[in-house]
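Please walk me through this protein model. I would like it as short questions with reasoned answers.

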Amino acid sequence: MGFSMAELFAKEGAKVVMTARGKEKLDVAVQQIRDQGYDVTGVVADNKNLDDVKRVIQTALDVYGDLDIVINNAAIGEQKMIDETDDEWLEHVYQTNVFGPFRFIREALKIFLPKNEGCIINISSVNGDRPFCGASYTSSKGAINTLKKNVAMRLIDTNIRINAVAPGATVTPAHLANKAGEQPGGAKMLEYSKHFVYFPGPECDPMDQANACLFLASDMGKHVKGQVIQVCNGAFYKSVQEVKTLLAYYDQPEETTDYSVICSFTPPKELGKCVYCNHCKPCPVGIDIGLVNKYYDLALAGDAMAVEHYRTLEKNADDCIACGHCDNRCPFSVKQSERMQEIRSYMGLKTR
Ligand code: SF4
Ligand code: SF4
């Protein structure tokens, strides 16, 4: 995912500092982007280490003269349930998933605050909100979402923005390992959580996540602060059965989903009378059809205030263009377009 982000940002004109813990893979990634003619620099670094974090930022300043955008993408995915998680593992996951982003945000703000400009993006996860993977991983993603909100409040009177992108299932090596039950913890947690999360698919591409980052980092996202953009192709927090029941609607024959039978329950003497329900909305010119009818009936009944209230409406029967949309949608067979003409004449006389 980080490679796609670096590649996309470089193509869009950014000077990119890429980091990884392993030099070999980092060198290959850097070269691949350089081969396309773009300017990127690689720094071997681990966000668990404050000196490394400082060195990454200093490299951006030394090589490119400034720092504008920080993306906290490094993370450890895992599937260990709470009863499988010891303190050592918790510390291991939190160091990368929470403490690392914390350090990068704090150190980047030393550059951003004096110039009152900058953009921070945390790569969170749908697990920050729907915790169906390991206990350490999911809670760490919830933690950085909360951290992001806290920092956004701190920065509210500045031009520095912090947001998050929350990927759902995205085709990355970590995700493929997860699907194969090969992440630490295996697949037991997913057995418990599968009843609560529904994922219609298909899986996202790493570039989907990069595009969301680009939006947040660019002028397109200039008024987005403290938010989480979920890029997950609709991973719902519902029981699978509940979603299947809802989707079954679309497999029903037309006669089963034709609710016009409800109209036949209307007592015949009520047919043609407006009951102000507004089921005929929307009116293309914005008339509140129910309210206009209500004031009309009250006015007919002698309520002088009803005429006054009618006058205050932004749109009334005078605005009706007799399009007939409301006639077709009224379950009580009110010929509303004709009635609007009637109301227009009556209220016109009253308000003259
Ligand atoms: S015209 Fe029909 S649908 Fe519209 S408010 Fe009146 S009764 Fe309801
Ligand atoms: S007929 Fe008049 S009130 Fe009815 S939807 Fe058209 S414009 Fe609106």
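The exchange below goes from overall form to domains, cores and ligand shells.

This is a predicted model, in which local features need pLDDT of at least 70, side-chain atom pairs count only at pLDDT 80 or more, and totals for chains, interfaces and linings use all residues. Residues are numbered from 1 along each chain as its sequence is written, while chains are lettered from A and ligands numbered from 1 in the order in which they are written.

Student: How many helices and strands does the protein have?
Tutor: Helices (H or I, at least four residues) and strands (E, at least two) are DSSP runs, numbered from the N terminus. On that basis the count is 14 helices and six strands.

Student: What is the radius of gyration of the protein?
Tutor: The radius is taken over C-alpha atoms, and the globule rule is 2.2 Å times the number of residues to the power 0.38. For 352 residues that rule gives 20 Å, and the model is well over it, so the protein is more spread out than a compact globule. The C-alpha trace spans about 85 × 50 × 40 Å along its principal axes. The radius of gyration is 29 Å.

Student: How far apart do the C-alpha centres of domain 1 and domain 2 lie?
Tutor: Domain bounds come from an automatic or database domain assignment. Domain 1 covers 2–244 and domain 2 covers 258–351. Their C-alpha centres are separated by 54 Å.

Student: Which residues of helix α1 are buried?
Tutor: A residue is buried if 20 or more other C-beta atoms lie within 10 Å of its own, exposed if 12 or fewer, and partly exposed in between, with C-beta atoms placed from the backbone. Helix α1 runs over residues 2–11. Its buried residues pack against β1 (16–20), α2 (23–34), β2 (40–44), β3 (69–72) and α8 (206–217). They are Phe-3, Met-5, Ala-6, Glu-7 and Phe-9.

Student: Which element gives the most to the largest nonpolar core?
Tutor: A nonpolar core is a set of buried Ala, Val, Leu, Ile, Met, Phe, Trp, Tyr and Cys residues joined through C-beta atoms within 7 Å. The largest has 54 residues, and Ala-6, Ala-108, Ile-121, Val-165 and Cys-213 have the most contacts inside it. With six residues, the top contributor to this core is α8.

Student: Which residues come nearest to ligand 1?
Tutor: Near means that the C-beta atom, placed from the backbone, lies within 6 Å of the molecule. The shell has 15 residues, and helix α11 (residues 289–300) supplies the largest share, three. The nearest are Cys-274, Cys-277, Cys-280, Cys-330 and Val-334.

Student: Which helix gives the most to the shell around ligand 2?
Tutor: Here 15 residues surround the ligand, and the closest are Cys-283, Cys-320, Cys-323, Cys-326 and Ser-337. Both α13 (325–329) and α14 (336–351) supply at least two residues of the shell. With three residues, the leader is α14.

Student: Is Asp-288 buried or partly exposed?
Tutor: Asp-288 sits in the loop between α10 (254–257) and α11. Leu-313 is 25 residues away in sequence, yet 8.6 Å away in space, C-alpha to C-alpha. Asp-288 has 17 other C-beta atoms within 10 Å, so the residue is partly exposed.

Conventions: Contact = placed C-beta atoms within 7 Å.
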